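Biologist: I'm new to this one, so could you take me on a close look at a single part of it? I'd like to hear about the charged pairs and the helices around them, in plain words and as one connected story.

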Amino acid sequence: MAPGGAKKNILERLDAGEVVLGDGGYVFELEKRGYVKAGPWTPEAASEHPEAVRQLHREFLRAGADILQTFTFYASDDKLENRGNVQSFTGKQINEAACDLAREVADEGDALVAGGVSQTPSYLSCKSEAEVKAIFMKQIEVYVQRKVDFLIAEYFEHVEEAEWAVQVLKTTGKPVAVTLCIGPEGDLNGVSPGDCAVRLVQAGADIVGVNCHFDPVTAVKTVKMMMEGVGKAGLKAHYMVQPLAYHTPDCNCQGFIDLPEFPFALEPRVLTRWDMQKYARDAYDSGIRYIGGCCGFQPYHTRALAEELAAERGFLPAASEKHGSWGSGLEMHTKPWVRARARRDYWEKLPPASGRPHCASMSTPAGWGVTKGHAQLMQKKESTTQDELKVLFGKSVTNQ
């Protein structure tokens with residue numbers, strides 16, 4: 001807390017060198033719990049089932065998260081109404097409910113609330129800069145009214161659209177973070193991570209980085225490339241990373257959405273809590289101070305980040321009351337061979353088995369090479385037809 005009991009804002013924390021922990025993957029976790037539909041990946045649950053969103057916020061807060069993002073991923077009207085997705089609530093209603101839920105829980109601790117915007121179907125369909133910016137402007141009107149602490153433009157595959165988002169978000173006067181869902185190959189037009197970062201800082205972003213699409217190893221590598229580019233340009237920024245909780249060494253430039261296991265068979269790729277501790281240390285040692293997660297991240301993953309960086313942060317999260325350091329709680333187990341696992345060197349060196357005798361260690365990404373401007377990416381309000389699906393099914397077979 002700042003003097004007088006007020007919360008320090010995000011830039012005050014980062015300027016002071018503090019480690020800031022983000023939360024995790026709301027759409028994937030709530031889909032598993034039965035509150036989000038895979039495909040649209042839209043956040044109606046903020047209005048339909050506020051108790052589910054509130055509970056997940058509380059779990060991340062208890063696990064050590066310093067930032068609670070409003071559950072507003074893909075909450076622009078053009079996405080909410082895309083391809084036959086029927087709505088009972090407007091984007092404004094969903095965004096208002098999401099802001100209220102995040103604020104309620106954040107104020108139970110010292111957490112900040114971040115309002116988010118993400119890439120739009122309108123951009124993929126080649127709508128104009130003015131049309132895309134109008135979508136962002138409509139969303140941030142709610143964030144300003146609900147007094148979120150800062151703004152995040154997240155999950156952008158094209159740096160151009162991310163620049164437009166940053167320019168709109170900066171009009172609020174609030175701190176702005178921006179994350180691209182890219183890897184070392186850069187955005188889907190081939191703009192390098194370093195050049196992407198430079199463009200985003202020049203657009204006004206205070207914090208730049210990556211989220212989603214790739215695992216921690218790939219994501220940290222990508223942010224380091226961003227740091228190098230910004231440094232060479234003589235600019236300054238803070239850096240953040242919010243990767244997947246899945247191992248993705250076999251991914252191409254579009255990340256995990258090209259994997260044949262996406263989205264319903266990714267569980268064999270889930271990172272352990274010990275993998276997460278390594279990620280936290282690697283990110284910190286790379287100079288990244290805003291460290292969080294995206295799809296696949298659950299509260300126990302966030303707790304692992306907090307435990308690894310407890311010395312740097314000066315405290316453990318409340319959830320660590322039920323978790324011994326490096327498995328030390330197993331000292332109380334009834335079985336001696338399990339008690340023998342109550343040590344760091346056991347878990348740090350363990351190569352977990354998948355238990356799947358016929359499961360390959362790597363997959364072949366789909367790699368259709370389809371991005372903005374392609375006919376199959378032109379979005380519409382109407383549902384996808386069976387004839388349209390047959391074309392895609394046939395293409396999928398020929399690409400296997």
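Modeller: Let's start with the salt bridges: the count comes to 25 in this model, which is a predicted one. Side chains of opposite charge can pair when their charged atoms come close. One such pair is Glu163 with Arg199, whose side chains meet at 2.6 Å, N to O. Glu163 sits in helix H9 (residues 159–169) and Arg199 in helix H10 (residues 193–203), so this salt bridge ties together parts that are 36 residues apart in sequence. How covered are the two partners? Glu163 counts as buried because its relative accessibility is 14%, under the 20% cut-off. Arg199, at 29%, counts as partly exposed.

There's another link a little further along. Asp206 and Lys170 form a salt bridge too, and here the closest N and O atoms are 3.6 Å apart. Asp206 belongs to the loop between H10 and strand E6 (207–211), while Lys170 belongs to the loop between H9 and strand E5 (176–180), so this pair also joins parts 36 residues apart in sequence. Lys170 is partly exposed, with a relative accessible area of 33%.

Now for the helices themselves, H9 to begin with. Nine of the eleven residues in H9 are buried, leaving the helix mostly covered. Glu163 is on that buried list, and so are Val159, Glu161, Ala162, Trp164, Ala165, Val166, Val168 and Leu169. What lies over them? The cover includes strand E3 (112–118), helix H7 (121–124), helix H8 (129–145), strand E4 (150–156), E5 and H10.

H8 deserves a stop of its own. Two packed helices are described by the angle between their axes and the distance between the axes. For H8 and H9, the angle is about 45 degrees and the axes are 9 Å apart. That makes the two helices oblique to each other, and their crossing is right-handed. On the H8 side, the contact is made by Glu129, Val132, Lys133, Phe136, Met137 and Ile140, and on the H9 side by Glu161, Trp164, Ala165, Gln167, Val168 and Leu169. Sorted by class, this contact has eight nonpolar, one polar and three charged residues.

Just ahead of H9, have a look at His158, in the loop between E4 and H9. His158 is buried, with a relative accessible area of 0%. Leaving aside residues up to four places away in sequence, His158 touches Tyr123, Leu124, Asp187, Leu188, Asn189, Thr371 and Lys372.

On to H10, the helix that holds Arg199. Eight of the eleven residues of H10 are buried, so the helix is largely enclosed by the rest of the structure. The buried ones are Pro193, Gly194, Cys196, Ala197, Val198, Leu200, Val201 and Ala203. Their cover includes H9, E5, E6 and H11. Just after H10 comes Gly204, which takes a positive phi of about 120 degrees.

H11 (residues 216–232) has a salt bridge within the helix: Lys232 and Glu228 both lie there, four residues apart, about one turn of the helix. Their closest N and O atoms are 3.2 Å apart. Lys232 is exposed, with a relative accessible area of 68%, whereas Glu228, at 47%, is partly exposed.

Elsewhere, salt bridges go beyond a pair: Lys7, Arg103, Asp107 and Asp149 are linked in a network.

For another helix pair, go to H12 (residues 273–285) and H13 (residues 299–308), whose axes come within 8 Å and cross at roughly 50 degrees. H12 and H13 are therefore oblique to each other, and H12 passes H13 in a right-handed crossing. H12 brings Arg273, Met276, Gln277, Tyr279, Ala280 and Arg281 to the contact, and H13 brings Tyr300, His301, Arg303, Ala304, Leu305, Glu307 and Glu308. By class, that contact has six nonpolar, two polar and five charged residues.

One last charged residue to look up is Glu388, in helix H17 (residues 386–398). Glu388 counts as partly exposed, at 32% relative accessibility. From Glu388 to Ala205 is 183 residues in sequence and 40 Å in space, C-alpha to C-alpha.

Methods:
Residues numbered from 1 in each chain as written. Predicted model: local features only at pLDDT ≥ 70, side-chain atom pairs only at ≥ 80, totals over all residues. Heavy atoms only, no water. Buried < 20%, exposed > 50% of the residue type's maximum accessible area, 1.4 Å probe, protein only. Axes fitted to C-alpha atoms, helices over the stretch in contact; angles between N-to-C directions. Parallel < 35°, antiparallel > 145°, perpendicular 65-115°, else oblique. Left-handed = near helix turned anticlockwise from the far one by under 90°. Contact = heavy atoms within 4.5 Å. Nonpolar A, V, L, I, M, F, W, Y, C, P; charged D, E, K, R; others polar. Salt bridge = Lys/Arg side-chain N within 4 Å of Asp/Glu carboxyl O.
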